[in-house]
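This briefing describes a single protein chain for readers at the bench. Please keep the sequence and the structure in view while reading.

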Amino acid sequence: MLKLSIVIPVYNVEQYVAKCLDSCVNQDLPLDEYEIIVVNDGTPDNSVQIVEEYMQEYSNIRIVNRENGGLSA
């Protein structure tokens, strides 16, 4: 049963996304008790490729892709 969902918006955060994901996956909870949802808001940089590398190692990370909707979307 999931105890926690972490939602991370991604747009032009190539420099920071790995550090953010490292922080999220280094929790005291087992991986099957929380999920990390990365919302790709149409980022033009390599943020998604970095997240995809983490997805290969951690089963609790998933990506939701969408067209850029801006900050308020």
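A polar contact is a pair of N or O atoms within 3.5 Å; within protein, one of the two must be able to donate a hydrogen and the other to accept it. A pair that fits this description links two loops here: the backbone nitrogen of Asn-12 lies 2.8 Å from a polar atom of the Thr-43 side chain. The model is predicted. The points below begin with the chain as a whole and then turn to individual residues.

**Overall architecture**

- The protein chain contains two helices and three strands.
- Read from the N terminus, these elements follow the order β-α-β-α-β.
- The radius of gyration is 12 Å, which agrees with the value near 11 Å expected for a compact globule of 73 residues.
- Along the principal axes, the C-alpha atoms fill a box of roughly 30 × 20 × 15 Å.
- Of the contacts between residues at least 6 apart in sequence, 76% join residues at least 24 apart.

**Surface and charge**

- Buried residues account for 34% of the 73 residues in the protein chain.
- The protein chain exposes about 4900 Å², and carbon and sulfur atoms supply 49% of that area.
- The protein chain carries 4 positive and 12 negative charges, and the mean positions of the two sets are 7 Å apart.

**Thr-43 and Asn-12**

- Thr-43 sits in the loop between strand E2 (34-40) and helix H2 (47-57).
- With a relative accessible area of 12%, Thr-43 is classed as buried, because the cut-off for that class is under 20%.
- Beyond its neighbours within four places in sequence, Thr-43 is in contact with Val-10, Tyr-11, Asn-12 and Val-48.
- Asn-12 belongs to the loop between strand E1 (4-10) and H1.
- Asn-12 is partly exposed, at a relative accessible area of 41%.
- The phi angle of Asn-12 is near 55°, a positive value in a residue other than glycine.

**Val-13, in the loop between E1 and H1**

- Val-13 lies in the loop between E1 and H1.
- A relative accessible area of 22% makes Val-13 partly exposed.
- Residues up to four places away in sequence aside, Val-13 touches Asp-45 and Ser-47.
- The C-alpha atoms of Val-13 and Asp-45 are 7.8 Å apart, although 32 residues separate the two in sequence.

**Ser-5 and Glu-35, on strands E1 and E2**

- Ser-5 is located in strand E1, and Glu-35 is located in strand E2.
- The side chains of Ser-5 and Glu-35 are joined by a polar contact of 2.6 Å.
- Between their C-alpha atoms, Ser-5 and Glu-35 are separated by 4.9 Å, and they are 30 residues apart along the chain.
- Glu-35 is buried, with a relative accessible area of 19%, whereas Ser-5 is partly exposed at 41%.
- Not counting residues up to four places away in sequence, Glu-35 touches Leu-2, Leu-4, Ser-5, Ile-6, Asn-60 and Arg-62.

**Arg-66, after strand E3**

- Arg-66 is placed in the segment after strand E3 (61-65).
- Its relative accessible area of 35% puts Arg-66 in the partly exposed class.
- Arg-66 and Asp-41 are 25 residues apart along the chain, with their C-alpha atoms separated by 5.3 Å.

**Asp-28, in the loop between H1 and E2**

- Asp-28 occupies the loop between helix H1 (17-25) and E2.
- Asp-28 counts as exposed, with a relative accessibility of 81%, because that class begins over 50%.
- The C-alpha atoms of Asp-28 and Ile-8 are separated by 19 Å, the two residues being 20 apart along the chain.

**Points to check in the viewer**

- Which residue offers its backbone nitrogen at 2.8 Å from a polar side-chain atom of Thr-43? The residue is Asn-12.
- Is Asp-28 buried or exposed? Asp-28 is exposed, at 81% relative accessibility.
- Which two residues does Val-13 touch, not counting residues up to four places away in sequence? They are Asp-45 and Ser-47.

Notes:
Residues are numbered from 1 along each chain as its sequence is written. This is a predicted model: local features need pLDDT of at least 70, side-chain atom pairs count only at pLDDT 80 or more; totals for chains, interfaces and linings use all residues. Side-chain values use heavy atoms; hydrogens and water are left out. Helices (H or I, at least four residues) and strands (E, at least two) are DSSP runs, numbered from the N terminus. Buried means under 20% relative accessible area, exposed over 50%, partly exposed in between (1.4 Å probe, protein chains only). Contact means heavy atoms within 4.5 Å. The radius of gyration is taken over C-alpha atoms; the globule rule is 2.2 Å times the number of residues to the power 0.38. Accessible areas come from the Shrake-Rupley method with a 1.4 Å probe; for residues, only the protein chains shown count as cover. Lys and Arg count as positive and Asp and Glu as negative; His and the chain ends are not counted. The place of a charge is taken as NZ of Lys, CZ of Arg, CG of Asp or CD of Glu.
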